[in-house]
Amino acid sequence: MNKLKINTFKNILWLLKNQKQIKNWRKRNFTPPSPEFIKHMIIQNNNLENSAWIETGTYYGETTKILSKISKKTISIEADKSLYDLAKKKLVHLKNVELVFGKSEDILENSVQKLIGYKNICIYLDAHLCHDHIKNIKTFGEEKNATPIKKELYSIEVHLKKFNKVNILIDDIRLFNDQFQNYPKKNYLVDWCMKNEFEWDIEQDIFICKKYNN
Ligand SMILES: C[S@@+](CC[C@H](N)C(=O)[O-])C[C@H]1O[C@@H](n2cnc3c(N)ncnc32)[C@H](O)[C@@H]1O
């Protein structure tokens with residue numbers, strides 16, 4: 001098979017794999033949240049070379065698998081015991097993945113500290129109360145404390161200077177309007193970036209903070 005045919009074949013496979021997500025997104029007039037494969041592309045596009053990753057909120061481990069492929073080491077934190085146990089079994093073959101059980105607001109600082117020594121660090125903040133689409137129940141969390149984002153950002157601040165480059169991706173930026181659960185306004189994130197000398201941007205439904213120390 002020549003290169004053109006191989007590429008056409010790959011494109012068809014890609015379309016088949018993602019067609020359900022694309023169809024559903026079209027039904028929603030391409031409003032956020034974007035399908036999982038788009039989030040995964042944004043994550044991959046914002047990877048740093050020689051980087052370790054931390055994810056808060058493992059859920060079913062689909063993003064953890066992607067992070068494991070692009071990073072030297074991935075730590076993923078999950079507070080829901082049954083989801084944590086399931087991910088432990090499912091991802092046992094991924095040797096560069098460490099799954100940690102507990103609340104990210106309690107564990108994140110220690111996880112960042114463990115990764116000092118890696119040149120760069122990327123952090124995907126995605127821990128929050130959500131709907132378990134398989135069991136049809138709520139995951140860990142309660143409405144009034146649904147997102148630990150403020151505490152997570154606070155605990156990251158301490159170690160920022162210990163890495164050359166830091167990328168932080170915060171999912172679900174559409175919810176940051178001070179009107180839903182305990183999500184703060186988008187300005188809270190912008191102010192945090194200014195205070196800690198991060199550049200920021202938004203891609204689809206993800207808020208992205210970048211800090212390059214050298
Ligand atoms: C939206 S899902 C994460 C999706 C996952 N990152 C992915 O990309 O597939 C949110 C997860 O965060 C977990 N969670 C909720 N509050 C948490 C907290 N304070 N600390 C750690 N995990 C939490 C929930 O149990 C749920 O599994």
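**Figure 1. Aromatic pairing between helices H1 and H2.** Across the whole structure, a search finds 8 aromatic pairs. In one of them, the rings of Trp14 and Phe37 have centres 5.3 Å apart and planes at 90°, so the pair is edge-to-face, given that planes over 60 degrees apart count as such. Trp14 belongs to helix H1 and Phe37 to helix H2 (residues 36–45), so this pair ties together parts that are 23 residues apart in sequence. The model shown here and in the other views is predicted.

**Figure 2. A nonpolar surface patch that includes Phe9.** Phe9, Ile12, Leu13 and Leu16 together make a nonpolar patch of about 410 Å² on the surface of the predicted model. Of these residues, Phe9 is placed in helix H1, which runs over residues 3–27.

**Figure 3. The cis peptide bond between Pro32 and Pro33.** The peptide bond that joins Pro32 and Pro33 is cis, with an omega of about 5°. Pro33 is located in the loop between H1 and H2, the two helices that contribute Trp14 and Phe37, respectively, to the aromatic pair.

**Figure 4. Surroundings of the ligand.** The ligand has 21 residues around it, and those that come nearest are Glu55, Gly57, Thr63, Glu78 and Asp126. Sorted by class, this shell consists of 8 nonpolar, 7 polar and 6 charged residues.

**Figure 5. Polar contacts to the ligand.** Thr63, which is among the residues that come nearest to the ligand, places a polar side-chain atom 2.5 Å from one of the ligand's oxygen atoms. Glu105 also contributes through its side chain, a polar atom of which lies 2.9 Å from a nitrogen atom of the ligand. In the case of His128, by contrast, it is a polar backbone atom that lies 3.3 Å from an oxygen atom of the ligand. On its own the ligand has 600 Å² of accessible area, and the protein covers 93% of this.

**Figure 6. A salt bridge within helix H3.** The count of salt bridges in the model comes to 14. One that can be examined here is formed by Lys65 with Glu62, whose closest N and O atoms are 3.3 Å apart, a distance that meets the requirement of lying within 4 Å. Because Lys65 and Glu62 are 3 residues apart in helix H3 (residues 62–70), about one helical turn separates them.

**Figure 7. Positive phi angles in the loop between E7 and H7.** Although Asp178 is not a glycine, its phi is positive, at about 65°. This residue is situated in the loop that lies between strand E7 (165–171) and helix H7 (186–195). Gln181 is likewise not a glycine and has a positive phi, in this case of about 45°, and its place is also in the loop between E7 and H7.

Definitions and conventions:
Residues are numbered from 1 along each chain as its sequence is written. This is a predicted model: local features need pLDDT of at least 70, side-chain atom pairs count only at pLDDT 80 or more; totals for chains, interfaces and linings use all residues. Side-chain values use heavy atoms; hydrogens and water are left out. A residue is near a molecule or strand if one of its heavy atoms lies within 4 Å of it. A polar contact is a pair of N or O atoms within 3.5 Å; within protein, one must be able to donate a hydrogen and the other to accept it, and residues adjacent in sequence count only if both atoms are side-chain atoms. Accessible areas come from the Shrake-Rupley method with a 1.4 Å probe; for residues, only the protein chains shown count as cover. Ala, Val, Leu, Ile, Met, Phe, Trp, Tyr, Cys and Pro count as nonpolar, Asp, Glu, Lys and Arg as charged, and the others, Gly among them, as polar. Patches are made of residues with over 30% relative accessible area and no salt bridge: like charges are joined within 9 Å, nonpolar side chains (Val, Leu, Ile, Met, Phe, Trp, Tyr) within 5 Å. A salt bridge is a side-chain nitrogen of Lys or Arg within 4 Å of a carboxyl oxygen of Asp or Glu. Helices (H or I, at least four residues) and strands (E, at least two) are DSSP runs, numbered from the N terminus. Rings of Phe, Tyr and Trp (its six-membered ring) pair if their centres lie within 6.5 Å; planes under 30 degrees apart count as stacked, over 60 as edge-to-face and the rest as tilted.
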